[in-house]
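Work through the exercises below with the sequence and the structure at hand, and try each task before reading its solution.

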Amino acid sequence: MQSAYNVPGIRDRIVQEALRMILEPIWEVDFSVHSYGFRPNRSTYDALSYIGARLTGNSGTTYQWIIEGDITSYFDTIPQRRLLKEIKKRVADRNIRDLLWKFLRAGVMEQGEIHETLTGTPQGGIISPLLANIYLHSLDRYMESNYLQLTKDARAYWRKKGKANFLYVRYADDFIVMCNGTKAQAYEMKEELKEALTNMGLKLSEEKTKVTHITEGFTFLGYRIIRSIGSNGRMVPKIDVPAEAIKRFRHEIRRIFNHSSVSDSVSAKFLAANRVIRGWCQYYQGTSNPSRTFDRLRPEIYNGAANWLGRKYEARRSKILQRFGEGNTLRTRTVRLLEPTEFKAKRHLVRPRHNPYTGSEQITRELLFDWVGSWDGTEYRQGWRDLREDMILFKGTICAIQSPDCISQGKPLHPSEVEVDHIIPRHRFRDPRAADLMDNLQPACTPCHRAKTKTDSKVLSRMQR
């Protein structure tokens, strides 16, 4: 079984990217329009737009039962030999197939020991999502040939006979099937999917695969989708932010502004918080009423940051606001703390999707959003960003070293290009804090700073001898 920590090295990733560039155009031509995950010009927004459109209006009154599909440890359990058979159908070049086989069988090193990888794909590898889509293409074809290619009239006739129609959406190993029949027919489809996956050597997760009524709501791709009464008095689909997502967001903000980290720079904390706020809010801008959720979170972010500043400077709220306050938020000289309410609602409609390899359009960019465990503003050298801002304020942005390779040539640099150089190297000070006094700091461009650091290191090496 593949390990979640099986991350290929840089050389392997380059080779895998070359393989992806060769293989993706071959399969992208035939991939189903109902598959959205890890594909060019497709995203979670497109999948949700398709679902919302099918739950709106007359069709929305009939598709009531939702099968929330989930495959147990899919990326870890893909049968490798069957996967290579699928690839062999389209790729005649044996060298490419052999190279893929080597990646699949490369093994995983854990605590100095190498473990065999007899199933699954190399997680963390560039080629892995494409291989996963290639293997599940069989499931897409199965659903299309049996249920998804019916015309509107055929669906109506099928329904009059008391049989159910189905709609299908897949994003990587997560998928949903919408049923306009009875609950019993939805469960029959669940068993049919279970059998189809078993024949593919996969296992449908009994715990995560649920049959839910649309009025109870279900979670898909991190969104809460439910059908309830709208402002016009009619039943309409709504896409909301799940309570679990709000809880995780609050936990992440509290982790960043933890009182035990008051030694870190203010700008570092604001930058870390902004990454989380921007990513989270942009992901949920397409929900039904995001401003309501964003407005509830704004005071929690503001108060968390203000309380952290109060602890850091041992000052009252009024003093903190006097120094850092700006309108309804806080800022340093270079970084402004974002407000969730700055992100307005966006509507994503079902529209033609351009196939980059054929030039054709299909109805149905990849958004990666994973800030859990991300940088929380902790610095390797605590307080360094604030010290850098103070140095720029007092000494400007002109490189003070001016070596022959200087990129500024006596002209001011952009603040983002300025590096802090110690006039007397840090290793000459018994107390490192004395090295960080303003008199010992000077602005430098990157080439000059690297050249001086290299020279200082050589001097230190000679002294140690």
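**Exercise 1. Describe the protein as a whole, beginning with how much of it is buried.**

Step 1. Of the 465 residues in the protein, buried residues make up 45%, and it should be kept in mind that this is a predicted model.

Step 2. Turning to secondary structure, the protein has 16 helices and 15 strands, and its C-alpha atoms fill a box of roughly 85 × 60 × 40 Å along the principal axes.

Step 3. The accessible surface comes to about 25200 Å², and carbon and sulfur atoms account for 51% of that area.

Step 4. Among the side chains, 75 are positive and 53 are negative, while the centres of these two sets lie 2 Å apart.

**Exercise 2. Find in which sense strand 8 and strand 9 pair, and over how many bridges.**

Step 1. Locate strand 8 at residues 223–229 and strand 9 at residues 235–240; the two pair in the antiparallel sense over 6 bridges.

Step 2. Take Ser228 as an example of this pairing, whose bridge partner in strand 9 is Val236.

Step 3. Look next at the hairpin itself, which has 5 residues between the strands, and where Gly233 takes a positive phi near 85 degrees.

**Exercise 3. For Phe38 and Glu314, state where each lies and decide whether it is buried, partly exposed or exposed.**

Step 1. Phe38 lies in the loop between helix 1 (10–28) and helix 2 (44–54), and although Phe38 is not a glycine, its phi is positive, at about 55 degrees.

Step 2. Because its relative accessibility is 33%, which falls between the limits of 20% and 50%, Phe38 counts as partly exposed.

Step 3. Glu314 is found in the loop between helix 12 (290–313) and helix 13 (317–324), and this residue, likewise not a glycine, has a positive phi of about 50 degrees.

Step 4. Since exposed means over 50% relative accessible area, Glu314 counts as exposed at 75%.

**Exercise 4. Work out why Ser261 counts as buried, and list what its side chain meets.**

Step 1. Ser261 has its place in the loop between helix 10 (243–256) and helix 11 (266–283).

Step 2. Its relative accessible area is 9%, and because buried means under 20%, Ser261 is buried.

Step 3. A polar atom of the Ser261 side chain lies 2.7 Å from the backbone oxygen of Asn258, and a polar contact of 3.0 Å joins the side chains of Ser261 and Lys269.

Step 4. Leaving aside residues up to four places away in sequence, Ser261 touches Ile256, Lys269 and Trp308.

Technical notes. Residues numbered from 1 in each chain as written. Predicted model: local features only at pLDDT ≥ 70, side-chain atom pairs only at ≥ 80, totals over all residues. Heavy atoms only, no water. Helix = DSSP H or I, 4+ residues; strand = E, 2+ residues; numbered from the N terminus. Buried < 20%, exposed > 50% of the residue type's maximum accessible area, 1.4 Å probe, protein only. Areas by Shrake-Rupley, 256 points an atom, 1.4 Å probe, with all protein chains shown as cover. Lys, Arg positive; Asp, Glu negative; His and termini not counted. Charge placed at Lys NZ, Arg CZ, Asp CG, Glu CD. Pairing = 2+ DSSP bridges. Polar contact = N/O pair within 3.5 Å; in protein donor to acceptor, adjacent residues only side chain to side chain. Contact = heavy atoms within 4.5 Å.
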